Amino acid sequence: MQQGFFDLLRDSDEPLWDGCTNHSKLSGVHHQVRSRLSEANYDKIIEWARSILPEGNRLKENFYAAKSMMKPFGLGYQKIDICPNFCMLYYLENAEMTECMTCRYSRYKPRTGRGKTFVAYKKLRYFPITPRLLST
C-alpha cells in the first residue's frame with residue numbers, strides 16, 4: 001500500500017499534459033468521484049475530453065483505468081441492504097429476510113418485465129475500518 005500511496009502522490013504532481021498548470025493526472029479520477037457519474041457517462045466525457053486535449057495527455061482513458069489507480073489502497077466497501085424506512089439492516093442473522101421485522105415493508109422493489117434479480121430499495125455502503133488500520 002505504501003508504494004501505491006507514493007505513486008498516487010506522484011500522479012497528483014504530474015501535469016495532465018506538458019505545460020498544463022491547472023490539472024494533474026489525478027484530476028479526472030477526482031472529478032468522477034465528486035460528481036458521482038455513472039461508468040458509461042464518465043467514459044463518454046473522458047472520450048470527448050481526450051479528443052480535445054493535446055497529444056500525449058495523461059488523462060486515463062476510461063473509468064476502469066481511473067478506478068485501477070485507486071485499487072492499491074484496498075479501500076473497498078460492503079453493500080448492505082436496509083429497510084426503506086431505516087428500521088433495520090439486512091445483515092448477519094437478518095441477511096436472508098425479505099421484509100422489515102418492524103414495519104413489514106418489503107426489502108425489494110417489485111420486479112418488472114423479465115428482470116430476474118432482486119433490487120433493494122435502499123443500500124448502505126459500509127467501509128470497514130479494520131483492514132485500513134492493519135495495512136499501515
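How far is the sulfur of C83 from the closest cysteine sulfur, and which residue holds that sulfur? Keep this in mind as you look around the model, which is predicted.

**Start with the whole chain.** Color by secondary structure and you will find 5 helices and 2 strands. Following the sequence, they come in the order α-α-α-α-β-β-α. Now switch on the surface: the accessible area is about 10300 Å², with 55% of it belonging to carbon and sulfur atoms. Of the 136 residues, 26% are buried. If you draw contacts between residues at least 6 apart in sequence, 41% of them join residues at least 24 apart.

**Next, select residues 39-52.** This is helix α3, with 14 residues. From first C-alpha to last, α3 reaches 20 Å, close to the 20 Å expected at 1.5 Å a residue. Highlight Y42, I46 and A49, the buried residues of α3. They lie on the same side of the helix because they cover an arc of only 65° around its axis. The general rule helps here: an α-helix has 3.6 residues a turn, so residues three or four places apart point the same way. Then rotate to the face turned away from the buried side, where you will meet the exposed residues K44, E47, W48, S51 and I52.

**Finally, select the cysteines C20, C83 and C103.** Back to the opening question: the closest cysteine sulfur to that of C83 is in C103, 3.6 Å away. That is too far for a bond, since a disulfide needs the sulfur atoms within 2.5 Å. Searching the whole structure gives 0 disulfides. C83 is buried, at 0% relative accessibility, and C20 also counts as buried, at 11%.

Technical notes
Residues numbered from 1 in each chain as written. Predicted model: local features only at pLDDT ≥ 70, side-chain atom pairs only at ≥ 80, totals over all residues. Heavy atoms only, no water. Helix = DSSP H or I, 4+ residues; strand = E, 2+ residues; numbered from the N terminus. Expected span 1.5 Å × (residues − 1). Buried < 20%, exposed > 50% of the residue type's maximum accessible area, 1.4 Å probe, protein only. Arc of directions from axis to C-beta. Contact = heavy atoms within 4.5 Å. Areas by Shrake-Rupley, 256 points an atom, 1.4 Å probe, with all protein chains shown as cover.
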